[in-house]
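Work through the exercises below with the sequence and the structure at hand, and try each task before reading its solution.

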Amino acid sequence: MVTIRADEISNIIRERIEQYNREIKIVNTGTVLQVGDGIARIHGLDEVMAGELVEFEEGTIGIALNLESNNVGVVLMGDGLMIQEGSSVKATGRIAQIPVSEAYLGRVINALAKPIDGRGEISASESRLIESPAPGIISRRSVYEPLQTGLIAIDSMIPIGRGQRELIIGDRQTGKTAVATDTILNQQGQNVVCVYIAISNVGCVYIAIGQKASSVAQVVTTFQERGAMEYTIVVVEQRILSLH
């Protein structure tokens with residue numbers, strides 16, 4: 001019969017106590033009160049910060065924007081079809097930010113800088129806040145170099161400087177997309193980085209409200225055939241279907 005010594009038992013208990021490591025993790029959580037039209041109302045999240053990323057129970061990411069006394073308004077960065085009233089939400093503790101890297105050139109990403117072109121993940125070692133403060137007027141570099149759109153009528157009448165914002169506005173089917181894409185194609189070999197954003201229209205940074213996935217895919221195909229994707233990043237609003 002094996003005898004159990006008291007000192008052995010005490011030594012084992014002492015070792016277990018010394019190896020015990022208790023970690024306390026406090027998670028700021030809330031409950032969905034209402035969801036619809038890309039907006040969710042959350043009860044709780046008492047310690048959430050303005051612009052902080054929050055994660056819903058089914059994986060959708062949102063940004064806390066409207067901080068009211070009894071609820072928090074969250075903008076959904078996805079379709080949110082699986083979010084239901086009463087589901088849980090947790091704060092991530094991170095202000096909305098996206099990774100930045102030259103590896104994004106030639107890729108199609110969503111609003112959170114996640115690739116949706118089926119070509120794998122994008123490696124980036126740095127990140128930048130979405131709501132970053134703009135540099136002061138003195139520290140900014142002046143606009144001194146022209147940017148040619150390749151359209152004679154525009155280049156001869158409208159002075160556009162590299163680095164400035166130029167609004168393209170007009171009714172539907174009047175050629176806004178054609179002007180923007182032609183401008184991007186004309187920047188080949190000009191040491192210009194172009195961003196095509198599928199949400200609204202801003203100069204060499206193109207944004208298109210309500211663009212269908214097929215329309216965006218057609219533009220991407222044009223860029224690829226003409227070699228423009230080497231210096232272009234295409235940003236597609238997340239509710240648009242994946243392009244691969």
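## Exercise 1: A salt bridge between two loops

In this predicted model, a salt bridge joins the side chains of Arg162 and Glu145, with N and O 3.5 Å apart. Task: work out which parts of the chain this pair ties together, and state how accessible Arg162 is and how accessible Glu145 is.

Solution. Begin by placing the two partners: Arg162 belongs to the loop between α2 (152–157) and α3, while Glu145 belongs to the loop between β9 (126–129) and α2, so the pair ties together parts that are 17 residues apart in sequence. Next, turn to accessibility, where the partly exposed class runs between 20% and 50% relative accessible area. Arg162, at 24%, is partly exposed, and Glu145, at 31%, is partly exposed as well.

## Exercise 2: The other salt bridges

Task: state how many salt bridges the structure holds, and describe the pair formed by Glu68 and Arg41 and the pair formed by Arg119 and Asp117.

Solution. The structure holds four salt bridges. In one of them, the side chains of Glu68 and Arg41 meet with an N to O distance of 3.2 Å. Because Glu68 sits in the loop between β4 and β5 (72–76) and Arg41 in strand β2 (residues 39–44), this pair ties together parts that are 27 residues apart in sequence. Glu68 is partly exposed at 39% relative accessible area, and Arg41 is partly exposed at 26%.

For Arg119 and Asp117, the closest N and O atoms are 3.9 Å apart, which falls within the 4 Å cut-off for a salt bridge. Here the partners are in opposite classes, since Arg119 is exposed at 52% whereas Asp117 is buried at 13%. As a last step, note that Asp117 and Arg119 are linked with Arg107 in a network of salt bridges.

## Exercise 3: Two threonines

Task: decide whether Thr60 is buried or exposed, do likewise for Thr183, and find a polar partner for the side chain of Thr60 and for that of Thr183.

Solution. Thr60 lies in the loop between β3 (52–56) and β4 (61–67), and with a relative accessible area of 10% it is buried, given that the limit for burial is under 20%. Its side chain makes a polar contact of 2.6 Å with the side chain of Glu58. Beyond its neighbours within four places in sequence, Thr60 is in contact with Val54, Glu55, Gly78, Gly80 and Ile83.

Thr183 is found in helix α3, and its relative accessible area of 5% makes it buried. A polar atom of its side chain lies 2.7 Å from the backbone oxygen of Val179. When residues up to four places away in sequence are set aside, Thr183 touches Leu147 and Thr149.

## Exercise 4: Nonpolar residues inside and outside

Task: identify the elements that give two or more residues to the largest nonpolar core, and locate a nonpolar patch on the surface.

Solution. The largest nonpolar core has 15 residues, of which Val108, Phe223, Val234 and Val236 touch the most other members. The elements giving two or more residues to this core are α3 (176–185), α4 (213–225) and β12 (232–236), and α4 gives the most, with four residues. Another core, of 14 residues, lies apart from it and includes Val48, Ala64, Leu76 and Ala91.

On the surface, Ile9, Ile13 and Ile17 make a nonpolar patch of about 290 Å². Of these, Ile17 lies in helix α1 (residues 6–19) and is exposed, with a relative accessible area of 59%.

How values were computed
Residues numbered from 1 in each chain as written. Predicted model: local features only at pLDDT ≥ 70, side-chain atom pairs only at ≥ 80, totals over all residues. Heavy atoms only, no water. Patch = residues over 30% accessible without salt bridge, like charges linked within 9 Å, V, L, I, M, F, W, Y side chains within 5 Å. Areas by Shrake-Rupley, 256 points an atom, 1.4 Å probe, with all protein chains shown as cover. Buried < 20%, exposed > 50% of the residue type's maximum accessible area, 1.4 Å probe, protein only. Polar contact = N/O pair within 3.5 Å; in protein donor to acceptor, adjacent residues only side chain to side chain. Contact = heavy atoms within 4.5 Å. Core = buried A, V, L, I, M, F, W, Y, C linked by side-chain atoms within 4.5 Å.
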